[in-house]
Amino acid sequence: MYPYIPVDHYLLDELLPEEHKIIRSSVRNWISRSVVPIIEKAAQHHRFPIHLVKEMGELGILGPFIPEKYGGAGMDQMAYGVIMTELERGDSGVRSAASVQSSLVMYPVFEYGSEEQRMKYLPGLAKGEIIGAFGLTEPNHGSDPGSMETRIVKQNGHYILNGAKMWITNAPVADVAVVWAKDEEGTVRGLIAEKGMPGFTAPETKGKWSLRASVTGELVFDNVVIPEENIFPDIKGLKGPLSCLSSARYGIAWGAIGAAMDCYNTALQYSLERKQFGKPIASFQLTQKKLAEMLTEITKAQLLAWRLGVLKNEGKATPAIISLAKRNNVKMALNVAREARQVLGAMGITGDFPIMRHMMNLESVITYEGTHDIHLLITGQDITGLQAFK
Ligand code: TGC
Ligand code: FAD
């Protein structure tokens with residue numbers, strides 16, 4: 001394993017305020033100290049290192065954009081992005097845990113929850129003492145969540161929840177789940193289900209070849225009684241869950257760069273050391289082509305993420321421009337991982353280096369939070385005004 005040398009070919013550091021560099025360096029050090037030494041084994045053994053969630057809470061990086069009053073760090077969107085890049089340098093599964101907690105659980109509780117819900121859940125989520133999950137996808141409805149079948153029905157002052165969610169990050173270990181379901185009028189509503197509610201189970205999805213250091217499962221609801229106070233009062237319609245996705249997709253656009261940088265860094269250092277035909281393989285033009293193209297694509301993705309961060313801070317980042325960046329940067333990272341693996345030859349397929357793990361992880365990242373093709377269609381709709389989904 002090589003020392004980590006992050007890419008900054010266009011001196012983007014000069015654009016980052018000191019406070020962002022401080023948080024970045026604390027996350028970077030934590031990844032080097034607490035994640036890198038254990039993550040390959042966790043992935044090989046298909047085990048989620050759950051203690052990392054509490055450690056992220058202690059670092060103050062869960063819900064970093066949530067106001068301090070509710071236990072968050074009160075930081076801006078650029079800080080959130082910078083944190084995500086560092087986390088995904090460690091592993092997409094670690095970034096996933098942080099994405100779900102921050103963008104998919106804390107964000108809706110803060111944005112759409114009552115004051116009681118905010119005070120009840122946010123401080124524990126920020127500390128990593130409570131683990132959250134987000135249930136939108138169903139067995140029959142992935143790209144098209146608007147057709148969801150999960151239902152709530154009002155009865156004697158509470159709601160009865162029935163249905164199932166699938167492919168849910170953290171489901172088996174979650175204490176709370178933000179769940180999206182349709183009411184009797186067919187309107188999408190959000191609610192908080194708690195572990196231990198009778199009729200609520202969360203079986204694990206086993207045998208994944210991707211995100212093996214992250215835990216995934218189902219959320220199954222069989223006549224679960226949901227008290228009225230667990231329903232989000234302030235949001236109705238599909239824009240509720242989709243706005244959470246905008247926050248998470250923004251983080252992923254930054255995060256994927258971390259995985260790409262780790263792969264590029266590994267390939268560069270390996271190619272300078274490895275000799276064939278009496279020379280370092282880095283001296284061959286074809287290796288240099290791979291390295292030069294990786295660096296170029298990482299740099300373009302960094303510029304995209306940085307500008308997106310500025311726009312997000314200014315409230316100008318539309319869902320469509322977030323989609324464009326998520327799509328571009330994840331595909332970039334997957335391409336970089338594939339090229340980097342080739343530079344290492346046979347060694348590239350082993351767990352001695354992080355590349356194969358990143359590559360397999362990125363196969364999920366390119367699928368979740370909207371597939372590569374769904375994001376293309378979102379961009380298509382943005383530029384033509386015509387939607388091609390249906
Ligand atoms: P459509 O009619 O386009 O939109 C319905 C309403 O929502 C608004 N909207 C958004 N608002 C905020 N953010 C967004 N990204 C939004 N996209 C749309 C829209 O303006 C409209 O508002 P209103 O006021 O008019 O009602 O909805 P549609 O049914 O046609 O669907 C559009 C489509 C296909 C783009 C959408 O359904 C979609 O994005 N599908 C992909 C599904 C997806 O991404 N699922 C992700 C599940 S969560 C996950 O994967 C977590 S991984 C976690 C991890 O480990 O990191
Ligand atoms: P489908 O929607 O069945 O799509 C299959 C293929 O058809 C894709 O290639 C897709 O692009 C294509 N397709 C679909 N519709 C169209 C169209 N209109 N035009 C052209 N092509 C189309 N979900 C959650 O709610 N919460 C989570 O925490 C969560 N975590 C996840 C963790 C992992 C590891 C994974 C793999 C998934 C997770 N998901 C989660 C689910 C994820 O969001 C969905 O897998 C994703 O939205 C795609 O849905 P699907 O898998 O059902 O694929």
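This briefing walks through the two ligand sites of the structure above. The model is a predicted one, so treat each distance below as a computed value. Ligand 1 sits in the largest pocket, and the space taken by ligand 2 is the largest pocket too. The shell around ligand 1 has 25 residues, while the one around ligand 2 has 17.

**Ligand 1: who is around it**

- Out of its 25 neighbours, the ones that come nearest to ligand 1 are S96, T169, R249, E369 and G370.
- Two helices, α4 (92-112) and α6 (239-273), each put at least two residues into this shell.
- The top contributor is α6, which supplies six residues to the shell around ligand 1.
- Sorted by class, you get eleven nonpolar, nine polar and five charged residues around ligand 1.

**Ligand 1: polar contacts and cover**

- S96 uses a polar side-chain atom, placed 2.6 Å from an oxygen atom of ligand 1.
- T169 also brings a polar side-chain atom, and that one lies 2.9 Å from an oxygen atom of the ligand.
- G370 works through its backbone instead: an N or O atom there is 2.8 Å from an oxygen atom of ligand 1.
- On its own, ligand 1 has 1100 Å² of accessible area, and the protein covers 73% of that.

**Ligand 2: who is around it**

- F134, T137, S143, W167 and T371 come nearest among the 17 residues around ligand 2.
- Strand β3 (158-169) and helix α10 (372-384) each provide at least two residues of this shell.
- With three residues, β3 gives the most to the shell around ligand 2.
- The class split here is eight nonpolar, seven polar and two charged residues.
- Why does ligand 2 lie between domain 2 and domain 3? Domain 2 (133-236) and domain 3 (240-384) both give residues to its shell, so the ligand ends up between them.

**Ligand 2: polar contacts and cover**

- For F134, a backbone N or O atom lies 2.9 Å from a nitrogen atom of ligand 2.
- F389 likewise offers a polar backbone atom, which is 3.0 Å from a nitrogen atom of the ligand.
- At L136 the partner is an oxygen atom of ligand 2, sitting 3.0 Å from a polar backbone atom of that residue.
- The protein covers 67% of the 980 Å² of accessible area that ligand 2 has on its own.

**Quick recap**

- For ligand 1, S96 and T169 make their listed contacts through side-chain atoms, whereas G370 makes its contact through the backbone.
- For ligand 2, the listed contacts of F134, L136 and F389 go through backbone atoms.

Note on methods:
Residues are numbered from 1 along each chain as its sequence is written. Chains are lettered from A and ligands numbered from 1 in the order in which they are written. This is a predicted model: local features need pLDDT of at least 70, side-chain atom pairs count only at pLDDT 80 or more; totals for chains, interfaces and linings use all residues. Side-chain values use heavy atoms; hydrogens and water are left out. A residue is near a molecule or strand if one of its heavy atoms lies within 4 Å of it. A polar contact is a pair of N or O atoms within 3.5 Å; within protein, one must be able to donate a hydrogen and the other to accept it, and residues adjacent in sequence count only if both atoms are side-chain atoms. Accessible areas come from the Shrake-Rupley method with a 1.4 Å probe; for residues, only the protein chains shown count as cover. On a 1 Å grid over the protein atoms alone, a cavity is a set of points where a 1.4 Å probe fits but cannot get out, and a pocket is an open set with protein on both sides within 12 Å along at least five of seven lines; lining residues have an atom within 4 Å of a point. A molecule sits in a cavity or pocket if more than half of its atoms lie within 2 Å of its grid points. Helices (H or I, at least four residues) and strands (E, at least two) are DSSP runs, numbered from the N terminus. Ala, Val, Leu, Ile, Met, Phe, Trp, Tyr, Cys and Pro count as nonpolar, Asp, Glu, Lys and Arg as charged, and the others, Gly among them, as polar. Domain bounds come from an automatic or database domain assignment.
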